[in-house]
Amino acid sequence: MDKIDFLKKRIKSTLIKERVLLFLAGILGAIAGLMAIIILLSLVAGIVILPIGIKISLLVLSCAGLLYILWRLAFSRLLGSSLENTALKLEHKFPELKGQLIAALQFAEWGERDAQGFSSDLMTATLIRAEEKCRGLNFNEIVPIYPIWRNLRFAGLAIGLAILLLVIFPGFFSYSYKVYSRPTELITPPLGYKLISYPGDTIAVKYRDFEIGAIIQGDKFPDKASIFYKFSDGNWQKTDVELKSLKKAASSMGDSALIITTIKQAKRPFDYYVRAGRITTPAAHIEVVDRPRVTGIKLSLYYPDYTNLSPTVIDENDGSISAVIGTRVNMRIETNLPVQKAEMIFNDSSRSPFEINGLTAEQSFKIDKDRRYVIYLVDKQGEENPDPIEYHITAVPDEYPVIEVIRPGIDINLGEDMIVPLLVRISDDYGFSSLILKYNIFSSGEMGQDNVAVLHFTDRIKTEGEINFAWDVEPLNLQPANFVQYHFELADNDRISGPKISVSRNYIARLPSLDEIISQTEQAQDENINKAEDYLKSHKELSERMKNLARKIEQEKKGTDQKLSWQHQKEIEDIANKDEQLAEQMKDAAKKMSEMINQMEENRLSNREILEKLMEIQKLFQEVATPEMKEARLKLMEALKNMDPNELDQAMKDFQASQEELMKRLDRTIALLKKMKIEQKVNALTEMAKEIAANQEKMNQNTSEANKEKLPTLAPGEQKVKEQLENLKKQVAELRNMLKDIPYNKAEEADKFCTAVEQNDAGQNMDNMSQQLSSAKKEPALDEGKKALSKLLSMLDTMQKGQASMCKGNDNEVADRIRKAIDDLNYLSGNQEILIDNATGIKWESEVLRDLAAQQQILKESVGGLAKRITEMGKESPFIAAELEELIRKSMGNMDLAVDKFANKRGTEGKTFQQESLFNLNRAAIRMLDALEAQSNCNKGGSCNKPSQKLNSLCEKQDMLNQKTQGQCNSPKDVTPGNGEAMKRLAAEQEGIRKSLEQLQKEFGNSKEVLGRLDAISDEMKKIIDELGSGNVGAETLERQIKVYSRMLDATKTLQRKDFTEQRKAEVGKDIIRNSPSSLNGNQLQGDLDIEDKLRQFMNESYPAEYEQHIKAYFKALLEKSTYVPPAPEN
Amino acid sequence: MIRAYLFVFGLIFALFGQSIAQDRDAILSRLKIPLKMASPRQINPSAVTVARLHYGGGGDWYWGSSAIPNFLRFIKENTNIPIDTEEQVIQIMDNNLFQYPFLFATGHGVMKFSVEEKERLRTYLSGGGFLLINDSYGMDKIIRKEISELFPERELVELPFDHPIYHSYYDLPAGPPKIHEHDNKPAQGFGIIINGRVAIYYLYESDIGDGWEDPQVHNDPPEKREAALKMGMNILIYALTH
């Protein structure tokens, strides 16, 4: 039994060896198979992109196959074969065993369980033999080595192949590993590029352009890529990008490029992804957030106090500001997002931060200059506000105040009243702080010290107004030829930049010397006279030409109907034109004369009488060219046009007559002017003498008051007085020359007047006084001064008497002559009445009519004589109206006709002309009475113009009252309520003036000489009375009084001027036949209401109550728009 | 919004269309000025009167106190128009301005309207009011200036003699009469025409106002006074019917 066991053991050992070898061979085979599978799967993965299912299937199959191979080639070997099989293999290997080994095994198998009939011996024997025979045999020879070698080759081959593939295709297995290691993912084979989403999930800013896409990186790019994006609630949109044209950048990972598209002004969130070739990036989400913005601006403007402007709130979302410098601005802004920073950035790069509070921010600043700024915001994410608006800050400067001197507005000569009437218009944008008058006195060319007067004006003048006041320069003690130069300085109330001061130009108020006044007046008078003489000469020439022409025409015609030659026509035309030109020139001259009188009113030489006489002369000058003369000229031209010889003949005669009349009037005007020249000169010289005497008196007084040291300084003053006296003598010499040239009926008086000056030797005393003063000898100087004064006063007395007898005496004589003329007129009128009575009841055929004619003729001649006297008187007195002569001429004409009618025994008609003659005579007498009244008034020293005289008197009273009121108030700059009682007295005086004015107004009203503004003056006076009565007197009261005085003066001047005008106005209008004005054109005729008018019209309509307010507000808004454009109808 | 525009424009065109055709009474009735505010005295609301314009500037607006009563009496005696012969004085800013369809301004000197007055007067005239200006003397320059500022877009035109104002009641083929002599110039009548209607009639160098006065005031001959009154009648009739 041992043998069999041994044998079995040996066989078993062989079997195990075999099994192990086969197992090893199987393992090698499995390795080869595994490698094959790997290569195979890798090949498959490399060739096709395996869907996950297939991939998993392949993997499962591969695993199954591998397991099967393992089992089949390796593990099954461990279990395969058996002892018997091994024994059989041994039998087969070793034939010498002859079946004994297998038999032994079988017997051994059977013996133990069932010998199946074989003997144990046999079986043992077989075992022994088998053992014996096997003893020398190497059982390992049946163990197969070949499978190992074979499978090893396979495995080596597979591994070699894999290595080969790995070498040839690097990454070959890594890709397949990737593919199969993630069986549930679809793994694509590497394509040579990568696609990375750009910028991926992120945040974009609203309204800003935003780029999306991907970065492609690798060696080989596909031709194109597509970017897909989709806004929330929208559809996918696609943008293709050509990759070939993309700019690539080299890197260690290969080329790279940016596949990109821009989303313009993104407003909503969106998703996107990119596809390039087979690669698609994951979808990325872009969140869109807003940027910080200013959503509201509210400005509160607090103007500087001095402007008196109320604060203004501007809530218009407009950061532009325009306000006066110094205005404080509170700016409040609202933002759409909470911000971490808000500030104003100015154009000079300076910044001003806001104080942030949630969605609002606030700051305050002052306007100091023009600037620009933007509001800069930064939100919590660091985003800035986009495109900030540039706003402007306009610093409105406080303008300079404006001062305008309206009156006098020019350099003036001071009048006798020594008042500079000032009217100053001031204006400023926000008000004033002071108005001052600065002046310097210039004496002998030397400027005196600066003087300043502060002018206070009513509080009612806030930003503009007129200040009216009379500046009395009397206290400045101006000497003739001295002047005061003044200007105004007006300061505004700017307390931010400091008051701005505007300065008016310098004006001069000059106290002219008497010499100058005389010289100017004489010059003006000479001009008037020269002009009038020129006109007279020209008219004489014209008249002569016309006479000669008439003579020529008469000679050429010699009773024939021959037409007027062309040359003669032209001559007549030329004469008429020349006449017209002269008429126009005379009008201008009359106007200039009026201006001259105005100027003379201002100077201190002209007395009222002279002025009024000059005014009368001016009227005469103006009346020289009468409407009749114009008519005669027009008739002449008309006749020339009609070529009617008879008409022309008559027209020429009429024209000549009108020329004669004109020359007569001119002659009279010239005579009057010349007479006035002398009177003016006499008057001026008397005034000069008065002034010299006054100066001497002053010198004497100064001398008596001066101490010894000061005496020599007075000497030049005395010399000046002497110079004045010398000058007076020169002027007197001129007067003498004048008297030689101008016929003057008071030559004797004039001679006395001149002699008084010429023989005056006060000059010697003045020289002596001057010398004594220089030697500081007071008493001798004073003695000489007194002597000089005495002589001067004596001279003045003689001069004044001479003047009185020359001027007033003459006037009295004229007045007497006028009276006489009136008596004569009355007498003649009475005679005319008698003749009319005589003519009554006489039969037409009666011879008495012829007697009547003779009587009427005598009466006419008497009237003619009177007419000549009146004409002569006209040269003496300007108050003889030209109309008067006209009336007498008409009366004489009527008498002529009456004579003619009576001579022809046409009694009734003759009587009619008699009556007309009487009517004209009576009218002439009335006019003569007017002339007498005017002349007498002048002679008495009253005004020739009664209403103006009354008003003038009231003016004087008002002036005095003004001065008293001013005195009570001390000075305008220190106005305090005055003494109560005194004020009441002043109020009573004012009331008295007011009542007189009202009375005067009634008189004017009744006699149609109403003055436009007297009622307003009266109202102003009532206010003054109230203020004075209540003691509430201030600058306004004084101002009002000055205003009243000024208006009254204006009214007086108007009255003095209006006499002639009133006459014209009172005349009944003569119808002037003329053609109709041309027809109106379409536009003029229609005169459509423009839109503004219509809107105004509609504003005044009524509408349903519930809509009225809105409708009217709408119209108002439309009206406020200067250009109104109707809104286009909406479709 | 569209509706609002349509409503307003509809209103404008409707009213504009009407205003052309409406006569004076209709216009006055639309002005809705309460009568009791117009004057404390009892007046006949339907009676026509002429209001004297109290203008500013310092001119003697009150010139010729007997003129308007005389003129109104003349109208009353010669027509059936209900007339209130009492003269009313009105200032432009008075509440009851619009109650008076006819204003009369006369005088000498300066006539001046403030900005507010101009605005109101313009409204009054554009809305159917009538202003007769009589230059009694020396106002021509200032009147033209004021009118040009009142209606800068309109021309003050001289009315031809065939204009209805010279034929509305009496035939005045030679235009305005020459009542008073001023500057030896012909009488002229000028007008500001609004919507085909003379709204301001300005008489220059005519002075019919003086012609309306009592005879003894200016010693005008009867024929001149009559001519002045006739011209006035024509102007009033024209103003009331246009």
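**Exercise 1.** How many bridges join strand β28 of chain A to β30(A), and do the two run parallel or antiparallel?

*Solution.* A quick note before we start: this is a predicted model, where local features need pLDDT of at least 70, side-chain atom pairs count only at pLDDT 80 or more, and totals for chains, interfaces and linings use all residues. Residues are numbered from 1 along each chain as its sequence is written, while chains are lettered from A and ligands numbered from 1 in the order in which they are written.

Step 1: find β28(A) at residues 483–492 and β30(A) at residues 507–510 (strands are DSSP E runs of at least two residues, helices H or I runs of at least four, numbered from the N terminus).

Step 2: look at the bridges. Four of them join the strands, which run antiparallel (pairing takes at least two DSSP bridges). Val484(A) has Ala509(A) as its bridge partner.

Step 3: check β22(A), residues 412–413. This strand pairs with β30(A) in the parallel sense over two bridges, and Ile412(A) is bridged to Ala509(A).

**Exercise 2.** Which side chains of β30(A) point to one face and are buried?

*Solution.* Step 1: recall that side chains in a regular strand alternate between the two faces of the sheet.

Step 2: apply that here. Tyr507(A) and Ala509(A) share a face and are buried, whereas Ile508(A) and Arg510(A) point to the other and are not (buried means 20 or more other C-beta atoms within 10 Å of the residue's own, exposed 12 or fewer, partly exposed in between, with C-beta atoms placed from the backbone).
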